[in-house]
Each structure stands twice: as structure tokens, then as C-alpha cells.
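Please look over the sequence and the structure below. A short report follows, with one topic under each heading.

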Amino acid sequence: MARCSCGERSVDGEDSATWRTAHLRGVWPVLVPRLEGETYALWMERVSDEYVTASRIESDEFEANGGSRGIAPGEPIPVISETYMNASDRVLVLQHQLDEILPLAVKERGLAN
């Protein structure tokens with residue numbers, strides 16, 4: 001039986017490797033799909049562009065909500081916006097996607113051992 005840190009587990013008798021692959025695809029969605037015939041390097045570049053955009057939104061929202069400035073006594077605690085949370089989630093998923101693509105791009109270019 002296979003288990004995931006999210007608490008999910010495979011059904012008894014189910015192939016662990018197959019379950020893990022299917023589960024991770026569902027947990028970590030592909031936000032920027034690979035285009036037909038696209039090299040891993042170009043795909044990685046497109047995902048990276050999306051990552052930079054999401055990171056910029058996350059950072060701008062953090063600053064706009066007073067995230068980096070101190071809170072004076074009696075001031076309200078800044079509230080994290082929905083835009084920030086969405087951008088933060090997107091950054092996390094895109095980072096995971098980049099981590100998955102990098103070894104493929106390295107291998108494609110013949111740089112792997």
C-alpha cells in the first residue's frame with residue numbers, strides 16, 4: 001500500500017507506482033502544459049516566465065498589504081489578500097513543475113551523466 005504525506009493512500013491490491021503517479025498528477029497540476037513538439041528547454045522557459053509573473057504578483061501584493069513593514073502598537077494586523085494567496089499557490093505549483101522539467105531539459109541537451 002502506498003501513502004502520501006497529504007493523508008491519501010492507495011487501495012489494497014492497487015499497484016503502488018501507478019497509484020503514486022496518478023495521485024501526484026492530481027495533487028500537482030500542470031499549469032503550463034507542454035506544446036506538441038516543444039523541447040523541454042523551451043517548455044521550461046515558458047514555465048519560468050509564468051513563475052516570474054506569479055512571483056511578481058505575490059511580492060507586489062505582499063508589499064501592498066504591508067507585509068514587510070513593522071506593525072506599530074495599536075495598528076491592525078495586515079490581512080493577506082486572496083490575490084496574494086492565489087499567486088503564492090501558483091508560485092509553489094510552478095516551482096514544482098520547474099523542478100520536474102529541469103532534469104528532462106538537462107538530459108535533452110546531453111548534459112546529464
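Is D89 buried, partly exposed or exposed? D89 is partly exposed, because its relative accessible area is 44%, and the class of partly exposed runs from 20% to 50%.

## Confidence in the model

This is a predicted model. The protein has an average pLDDT of 86. A score of at least 70 is reached by 94% of the residues.

Confidence varies along the protein. It is lowest in helix α1, residues 16-27, where the mean is 73. It is highest in α2, with a mean of 95. Where pLDDT is low, predicted coordinates should not be read in detail.

## How α2 and α3 pack

Two packed helices are described by the angle between their axes and by the distance between those axes. Here the pair is helix α2, residues 40-64, and helix α3, residues 82-108. Their axes are 8 Å apart. The packing angle is about 155°. That makes α2 roughly antiparallel to α3, because the angle is over the cut-off of 145 degrees.

The crossing of α2 and α3 is left-handed. Which classes of residue make up the contact of α2 with α3? The contact has 18 nonpolar residues, 6 polar residues and 5 charged residues.

## Two aromatic pairs

The count of aromatic pairs comes to 2. One of them joins Y40 and W43. Their ring centres are 6.3 Å apart, and their planes differ by 35°. The pair is tilted, because 35° falls between the cut-offs of 30 and 60 degrees. Both Y40 and W43 lie in helix α2. They are 3 residues apart, which is about one turn of the helix. Y40 counts as partly exposed, at 22% relative accessibility. W43 is buried, because its relative accessible area of 10% is under the 20% cut-off.

F62 and Y84 also pair. Their ring centres lie 6.1 Å apart. Their planes are at 40°, so this pair is tilted. F62 lies in helix α2 and Y84 lies in helix α3, so the pair ties together parts that are 22 residues apart in sequence. F62 is partly exposed, with a relative accessible area of 35%. Y84 counts as buried, at 16% relative accessibility.

## Three residues, one on each helix

Start with D89, which lies in helix α3. D89 and R20 are 69 residues apart in sequence. In space, they are 22 Å apart, C-alpha to C-alpha.

Next comes R20, placed in helix α1. What is the relative accessible area of R20? The value is 41%, so R20 is partly exposed. R20 and M44 are 24 residues apart in sequence and 24 Å apart in space, C-alpha to C-alpha.

Last is L42, in helix α2. L42 is partly exposed, with a relative accessible area of 46%. How far apart in space are L42 and A105? They are 8.8 Å apart, C-alpha to C-alpha. In sequence, L42 and A105 are 63 residues apart.

Conventions. Residues numbered from 1 in each chain as written. Predicted model: local features only at pLDDT ≥ 70, side-chain atom pairs only at ≥ 80, totals over all residues. Heavy atoms only, no water. Axes fitted to C-alpha atoms, helices over the stretch in contact; angles between N-to-C directions. Helix = DSSP H or I, 4+ residues; strand = E, 2+ residues; numbered from the N terminus. Parallel < 35°, antiparallel > 145°, perpendicular 65-115°, else oblique. Left-handed = near helix turned anticlockwise from the far one by under 90°. Nonpolar A, V, L, I, M, F, W, Y, C, P; charged D, E, K, R; others polar. pLDDT = per-residue confidence, 0-100. Phe/Tyr/Trp six-rings, centres within 6.5 Å; stacked < 30°, edge-to-face > 60°. Buried < 20%, exposed > 50% of the residue type's maximum accessible area, 1.4 Å probe, protein only.
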